[in-house]
Structures are given as structure tokens and as C-alpha cells.
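Here's a quick walk through the model on your screen. We'll start with how the copies relate, then look at the fold and a few local oddities.

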Number of protein chains: 2
Amino acid sequence: MVLLLKGGREPIENWVAAFGKVLPDLEVRVWPDCGRREDVEFALVSNMPHGALATFPNLRFVASMSVGVEHLLEDPQLPDVPLVRSVNSQRSATMAQYVLLHVLRYLRRMPDYEAQQQAKVWQRLPYRDAKDMRVGIMGLGSLGLAAAQQLSQCGFNVAGWTRTPHSHDGIANFIGREGFFPFLARSDILVCQLPLTAETQDIIDARALAALPRGAYVINTGRGEHLVEEDLLAALDSGHIAGATLDVFREEPLPADHPFWIHPKVTVTPHNSCDGRAAHGAITIADNIRRAREGRPLVNLVNRAAGY
Amino acid sequence: MVLLLKGGREPIENWVAAFGKVLPDLEVRVWPDCGRREDVEFALVSNMPHGALATFPNLRFVASMSVGVEHLLEDPQLPDVPLVRSVNSQRSATMAQYVLLHVLRYLRRMPDYEAQQQAKVWQRLPYRDAKDMRVGIMGLGSLGLAAAQQLSQCGFNVAGWTRTPHSHDGIANFIGREGFFPFLARSDILVCQLPLTAETQDIIDARALAALPRGAYVINTGRGEHLVEEDLLAALDSGHIAGATLDVFREEPLPADHPFWIHPKVTVTPHNSCDGRAAHGAITIADNIRRAREGRPLVNLVNRAAGY
């Protein structure tokens, strides 16, 4: 019973130590030192070279270190085994925290106050009550839902846009293509928490941005490919969009000559919105390993047809 | 039955309109157009000239537009009538929001990321779990308590320092002089929500700052006089204090030549942490006016001996 690991942004030793704690009898091997490939039954990987997973004949599931699984699904030789999503409450909490921070930052106009400080200007700026700030979350998966609930708890007017109907206390739901433009029209702050699929790529484009209320803000914590970067730049420069906080980009690290770095209305963070710590992540993966051992159904499975 | 108004940072017309809604039969006069001084039974004032209130012989209570009442109490001719504190849930909510924003901003290291963006540096920085970030709130009055509860709800490790014992779920309590240094020693982020009294003036001085853990942050939303500004600057420059967010100052507006404006570790906001909107404020003052009319006890009274 062997788990293969390929990290990840956290040092791989942390993962080895974390599994040592929660499943002491599990043998852990670290890519590329795989030993006998037949032994490997579980894989928890990040950016695995395409084709590599197919060389393990006895895999029982593959888990992705990141919440997004598009890199796995793009592997043309991906084995036909269950795919497990690395979601857990700690990850969701860090994402919800990031979203809350940046929504509050716009509500209370901190970018404007920071600019005022630079100019030594003492001036109070009007701002809305939280209940009058309409936040729109694209995607109510484990991350999007945690963010939506956190915002709702803090008094914001929250709606979610989803592919299929959702029902959560205090969170309005707009569904599918039909609901997309009405959802945008009521979103003063748009937060992207979508998985990256053929349907969601380039979804935040000129048309979507134009459908937001004038003066809206955009927070992208999904994937860089959700956003048409030049369309956002045009909408910022026209004044239609008041600001954007971007944690993900088409190219990461963001290239030094990219206009986002120096745009006065753009806040750049280095893909740190959601933080998967080994100590927490190992617990949920270990749960699925135990389930596989005991013949119980796995949890947090990827829907390959949906792409997430 | 006449209410005298003297604003305040919100346009006085908003207050007149708000009282027109909640107490349509109340006559409202705006300083300095007081009419017959004998008619005035209630006063809701901001920065009233000392001695002026003593010219109204039939006052039944005086309320301060701001939560702090030190300016009123400094009036040597202050009439011996009940003093009402302008607290209400909307005010507390905006303060709690400000404190949460700035605590999250430090937790998730936004000032560092903003500096990195200016230098086009893409680098993830370590940060704590909220439960490992110890926030210390000086003062658990209506504002401090709302902030403490909001932070506690968001997972932070919160303690309050108070003059008399408090008991609130999930909020540790340190009391009086004896509890002061132990409280500071466990505060990674210190938030001042104290009233300004002879005892609290200059309370955040070199000794207090030295008692905070190395790398601590300071958020002052109390009064400028709580903080010994040169001591903070020294502690920031020595590296003992990692950053400060200051909403109140000894001199407001903050003078253009003040070092806080340009200090890289200081965030300046223009006394906007707590926002008393007329629509909400009028409701709570009207409640006390009704109580006075009906001979019921007033609420939210200032304790003159304590100074708040």
C-alpha cells in the first residue's frame, strides 16, 4: 500500500510528515523515486508530466494537490481511475478569508485611501453599507460556497452563479447561461471561483465586464484563463470597472513586463488566495485512502464529464 | 419639546430629516439658531463650545454625536444632566468592519504584497492560521466588543483588556493594571478601542510597545492621545513593531509634514473607522427622547466618574 507524492508548493517533507502522522502504516514515495511501480495504489500530485500516471498499473485513485484539476484532465493518457479533489475546510477557510479581505478592502475604499496617503490627502470618502454591496460569486463549489457564506455572515448581499441550481440560506442563485447576464447586472463586486473548463475559459470578457454595473470591482481567484486580460485593461481604462484584484494569471509568475504590475487600479497577489497546508490536506486524502482500503465509497470525486 | 443639533461630520440636513422620520412631532433646531433657550430639552452635539450648554436651563439630557465624550466632559460648565452616548449597532458594525479589514490585511500580509507589487516581485509569503493570530482589543465597550466578536467569529484568537471584568464567549479577559502587561505579551495585533480618559491618555507608549511580541502590529481606532507617536515611530524603526494602522491622531487632519504620512510601515486613514449615519443615530437618540417623555429610565448613559 503505497502513496506517491509529487508536490506542490509546500515542501514535500511536510506532506511526508503529515501522512506519517495520520496514516503511520502507509508507505510514502516521492516522485521521481517511485520504486516498483506496481506497488503504487494512490497518487497525490501536482503538475504531473502527462503520460506519467499511466505507468502505474495498480492505481486506485489519483488526487490533485490543487483544487483545480484541469491539468490532470488534460493528460491524454490519464488512467481510468477515480479522481479525487483536494478540498478541505482549511483550504476553503483561507480562500474565504482572502475574498472577505478584498471585498472589505473595496467596500471601505482602501485603494483610494492608500492613494490619498501617498498624496497626503485627508479626506473621508463615502461608502456603502455592507447590505447594499452586492457581491456576485461565480461558482459555488467548496471554495466559492465558503466565501459566499462568510460574506453573507458579514452582512453583504451575496448571489452565486452556478451551472446547476443551488440552495443556500441567504445566497441568491442565478443559473446557467440564462442567469449569467442578470447575475452580472447585480454584481458590484464580481468574484470568480469557477473551475477551468472549456465552458468557463475566457468567461470574463468585454461583454461580461460591460454587463457589470459601472464602478464594479473584479476579484479573480479562479484561473488566469477565466479572464480576458486585455478586455479587463480596457474596462479599467474606460472607467467602467473601478478596480481588480487578481491572484491568478495566464502566465505565472506574472511576467515583469505585464501591464497588471503597474496598473494603478490593479492589485496583484502571487496565487496565494487559497492555501493548502499539508497537515490539513493529508487528513482528507487519508480519509479516502481508508475508504478505498475498506471498500467504502470515495468522497470528493471529480466529475470528468463536467470537468471538475 | 425641542432638540438642539450641532453636527457632526454628516450634513446636518441628514439629521434633521432623520428625526423628521422617527419623531415627526419633535421640533428640531440647528445651532447656532437656538430660538428661545428655555424650549430646548435635548441636545445632540459635536464639539460644542465650552460653556454653551450651560445657557439652556431646561436640558433633560445631552448626547454627543461622537462615541467619545471627552470633549463634553472637559466643559467646566457642563450642566448636571444625564449624558447619553451615541452608540448603536450600525456604528459598531462599521467599526468592527474596519478592524476586521485591517486585521485581515496584516494576517494576509497585504502591505508586504503591495510593496512586492511595486517592485514586481512574485513571491508567496508565509502567514499564520487565524487561530494562531492573537488579537488584543483594548476596551470592550460597544465598539470594542463588536470588533472582538466579529474577529472571534472569523477564527481569530481574541482577548480584551478592560477596567472591570467582562465575560464574553470565546474572548479572553485581562483586567486592570495587573492584566495589562500579560495582555500585551500575548497580542500579535493590538487594537485600541478605549475611551480617552486621564487613565488611558498616552497608554500606548514605549513601555507598552516593548511588551508586545516582536513583529506585532498596532491598530489605533481610539483617540490620537492614546498613542505616544514618537514612541511608535521608534518601535517601527527598530523593527520591534512591524506595522501600524492609524485612524486617529493628536492633530486632525494629520499635518502635511507629519512623518506618519510617508512612513512605509504606517497606514493612515482619515478618522473614518466608525461611521455614525444620521438615519441610524436618530433612532437611538429618539428612543431616549421617548423614554424621557414617558419618565422611563434613559439608556446608554455616560458614567461621569469613569469618564466614558
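## How the two chains relate

A turn of 180° with a shift of 0.0 Å along the axis lays chain A on chain B, with an RMSD of 0.0 Å (a least-squares superposition on the C-alpha atoms of residues with pLDDT of at least 70 in both copies). That's the relation of a two-fold axis. The same surface does the job in both copies: 100% of the contact residues of chain A recur in chain B, where contact means heavy atoms within 4.5 Å. The residue of chain A that comes closest to the rotation axis is A:L101, with its C-alpha at 3.0 Å.

Some ground rules: this is a predicted model, where local features need pLDDT of at least 70, side-chain atom pairs count only at pLDDT 80 or more, and totals for chains, interfaces and linings use all residues. Residues are numbered from 1 along each chain as its sequence is written, chains are lettered from A and ligands numbered from 1 in the order written, and side-chain values use heavy atoms, leaving out hydrogens and water.

## Chain A as a whole

Chain A has 10 helices and 12 strands (DSSP runs numbered from the N terminus: H or I of at least four residues for helices, E of at least two for strands). Its C-alpha trace spans about 65 × 40 × 35 Å along the principal axes. Of the 308 residues in chain A, 56% are buried; that means under 20% relative accessible area, with exposed over 50% and partly exposed in between (1.4 Å probe, protein chains only).

Looking at contacts in chain A between residues at least 6 apart in sequence, 62% join residues at least 24 apart.

## Local oddities

Most residues other than glycine have a negative phi, and most peptide bonds are trans. One cis peptide bond joins A:W31 and A:P32, with omega about 5°; A:P32 sits in the loop between strand 2 (27-30) and strand 3 (40-45) of chain A. Over in chain B, a cis bond joins B:E252 and B:P253, with omega about -5°, and B:P253 is in the loop between strand 11 (241-246) and helix 9 (259-262).

As for phi, A:N300 has a positive value of about 60° without being a glycine. A:N300 lies in the segment after helix 10 of chain A and is partly exposed at 33% relative accessibility. B:R109 also isn't a glycine and has a positive phi near 60°; B:R109 is in the loop between helix 3 (89-107) and helix 4 (110-118) of chain B.
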